[in-house]
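Biologist: Please take a close look at the interior of this model, at what is enclosed and covered there. I should be grateful for one connected account rather than a list.

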Amino acid sequence: MKWFSGMILSLIVLIFSTSSLASLAQRGFLGIAPESAQGSEINVANVVANSTASALGVKVGDQLVALDSVKLTRFSHLLALLENKQVAKPISLTVKRDNKELVLKGLLKGRQQEKSDIADVIYDVVNVDNNQLRSIVYKPHGLTGKAPAIFFIQGYTCSSIDYGMIPNVSVKQMLDQYVASGYVVYRIEKFGVGDSQGELNCGEVDFTTEIAGFVAGLKALKQYDFVNENNITIFGHSLGVLAAPVVAQKESVAAIVGYGGVFKSWRDYMTDIYQVQSQQFGTSKKQAKENYSTMKPFLDDWLVSDKSWREISQSKAYKQVMQADLAPIQGQQVFHRDYLFFRDLNSYGFKSLWQQTKVPVLMIHGSLDIQAINKQWAYDIAATVNDAGGKAKAVELEGAEHIFMRYDNAEQYMSARQSGNYRITEPKKHFDDRIATTVTKWLKHL
């Protein structure tokens with residue numbers, strides 16, 4: 001079912017090695033995106049310029065067969081093997097191209113750090129118990145005194161927010177707009193992602209633990225002498241919209257902006273994924289209904305019960321779910337996160353959290369945002385805040401999609417996705433500059 005590839009958040013998967021150095025040193029960077037993270041074949045959908053894969057001569061369409069003579073069984077196997085690889089050490093990839101196997105050899109390259117013509121880029125570290133999380137701070141050139149800041153909280157995936165190798169990616173282009181407007185911009189990696197090191201790993205933690213990392217980042221942001229600690233806005237993207245009120249409840253902020261978020265329990269959101277979103281990706285109404293009927297009891301046990309994953313996964317009742325292509329399941333991960341991450345997320349009462357939010361809130365929805373599914377959610381969040389005595393506004397941007405790009409209409413957007421011309425790393429004319437413009441205009445009038 002192809003619609004899963006873009007279902008909740010469609011971001012390029014970049015592969016990093018994870019060295020065990022004591023400091024947050026530069027990580028190894030392979031730099032490929034697979035056609036799918038599932039299945040036994042690793043077919044290359046994208047090769048990042050100036051990466052190890054590019055230097056080795058890997059091409060789009062290649063199938064990765066082995067790493068250093070170890071046969072690859074699936075994408076996660078490749079990730080595991082890369083864990084022990086170090087920068088500047090020899091590496092070999094066996095690829096299948098035109099039905100022939102080629103062995104490509106070279107050195108594992110480090111990832112290129114981000115640069116800016118309009119800001120000082122600060123790579124810093126945030127300590128969270130026995131973990132060190134990489135943070136990236138943009139301090140605008142010519143800044144005097146304390147500036148307002150925007151803390152960007154990313155979506156649900158375990159992808160890195162270090163865009164040094166993909167400087168034109170739509171997310172970074174949007175964040176650069178805030179820097180150009182005089183804002184300090186802040187991001188922090190999740191546990192075990194990018195340069196981050198420690199005991200915890202993004203793919204194994206629950207939602208509450210992930211929130212602890214963001215809260216630690218917010219506290220660290222307030223300590224910079226060039227940041228106005230009383231004027232920090234959280235920008236939550238996708239699942240980051242759900243994280244925003246939780247973080248704000250634990251550590252004060254001046255405002256919250258959300259883009260492409262949800263206003264319901266995760267269990268109910270999953271219902272919409274199978275019944276509504278899948279049809280937007282081409283599943284027939286009849287098939288969508290059958291898929292949901294199959295998934296409903298599984299969703300209840302996964303997200304609402306206290307059953308162990310062993311009990312769920314070995315249940316005869318869910319044999320069809322485990323074997324069919326109805327959800328990306330690997331080990332005890334579902335949608336590439338531990339099953340407990342989403343169960344924990346489902347336990348939060350987000351309506352109550354928004355009711356308790358007293359800072360100004362701006363919710364933005366793109367009319368082509370298939371991942372966010374329903375524009376009403378943005379308006380419901382705003383109404384909930386306002387009804388509780390707060391101040392909130394919702395805005396819909398015509399033609400905007402989930403990853404900060406825009407298209408003339410739904411047909412053009414879906415055609416780009418289906419033809420392989422949907423590229424968030426090089427959006428070019430499709431980058432949507434209206435989002436940052438809308439946010440900065442709103443902030444100036446608070």
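Modeller: Searching the whole structure, which is a predicted model, reveals three cavities of 30 Å³ or more. The second largest cavity holds about 70 Å³ of space. Its lining consists of 13 residues, and those closest to its centre are Gly260, Gly261, Ile364, Trp377 and Ala378. Three elements each contribute at least two residues to this lining: strand 13 (255-259), strand 17 (361-366) and helix 12 (376-387). In character, the lining of the second largest cavity comprises eight nonpolar and five polar residues, with no charged ones.

From enclosed space I turn to a covered helix. Helix 3 (residues 170-180) has eight of its eleven residues buried, and is thus mostly covered. The buried residues are Ser170, Val171, Lys172, Met174, Leu175, Gln177, Tyr178 and Val179. Their packing partners include strand 7 (119-128), strand 8 (131-140) and strand 9 (147-153). Strand 10 (184-188), strand 12 (227-237) and helix 14 (434-444) also pack against the buried residues of helix 3. After helix 3 comes glycine 182, which has a positive phi, near 100°.

The loop between strand 9 and helix 3 carries cysteine 158, and this residue leads to the disulfide. The model has one disulfide, in which cysteine 158 is joined to cysteine 202 with an S to S distance of 2.0 Å. Cysteine 202 sits in the loop between strand 11 (197-198) and helix 4 (207-222), so that the pair, 44 residues apart, links distant parts of the chain. The disulfide is left-handed because the torsion about its S-S bond is about -85°. The two cysteines may also be described by their accessibility. Cysteine 202 is buried, at 2% relative accessibility, whereas cysteine 158 is partly exposed, with a relative accessible area of 29%.

One charged side chain completes the account. Arginine 97 belongs to strand 5 (residues 90-97). Its relative accessible area is 19%, and arginine 97 therefore counts as buried, the cut-off being under 20%. The side chain of arginine 97 makes a polar contact of 2.8 Å with the side chain of aspartate 62. Apart from neighbours within four places in sequence, arginine 97 is in contact with Gly57, Val58, Lys59, Asp62, Leu102 and Leu104.

Note on methods:
Residues are numbered from 1 along each chain as its sequence is written. This is a predicted model: local features need pLDDT of at least 70, side-chain atom pairs count only at pLDDT 80 or more; totals for chains, interfaces and linings use all residues. Side-chain values use heavy atoms; hydrogens and water are left out. Helices (H or I, at least four residues) and strands (E, at least two) are DSSP runs, numbered from the N terminus. Buried means under 20% relative accessible area, exposed over 50%, partly exposed in between (1.4 Å probe, protein chains only). A polar contact is a pair of N or O atoms within 3.5 Å; within protein, one must be able to donate a hydrogen and the other to accept it, and residues adjacent in sequence count only if both atoms are side-chain atoms. Contact means heavy atoms within 4.5 Å. On a 1 Å grid over the protein atoms alone, a cavity is a set of points where a 1.4 Å probe fits but cannot get out, and a pocket is an open set with protein on both sides within 12 Å along at least five of seven lines; lining residues have an atom within 4 Å of a point. Grid points are joined across faces, edges and corners, and a volume is the space filled by probe spheres set on the points. Ala, Val, Leu, Ile, Met, Phe, Trp, Tyr, Cys and Pro count as nonpolar, Asp, Glu, Lys and Arg as charged, and the others, Gly among them, as polar. A disulfide is a pair of cysteine sulfur atoms within 2.5 Å.
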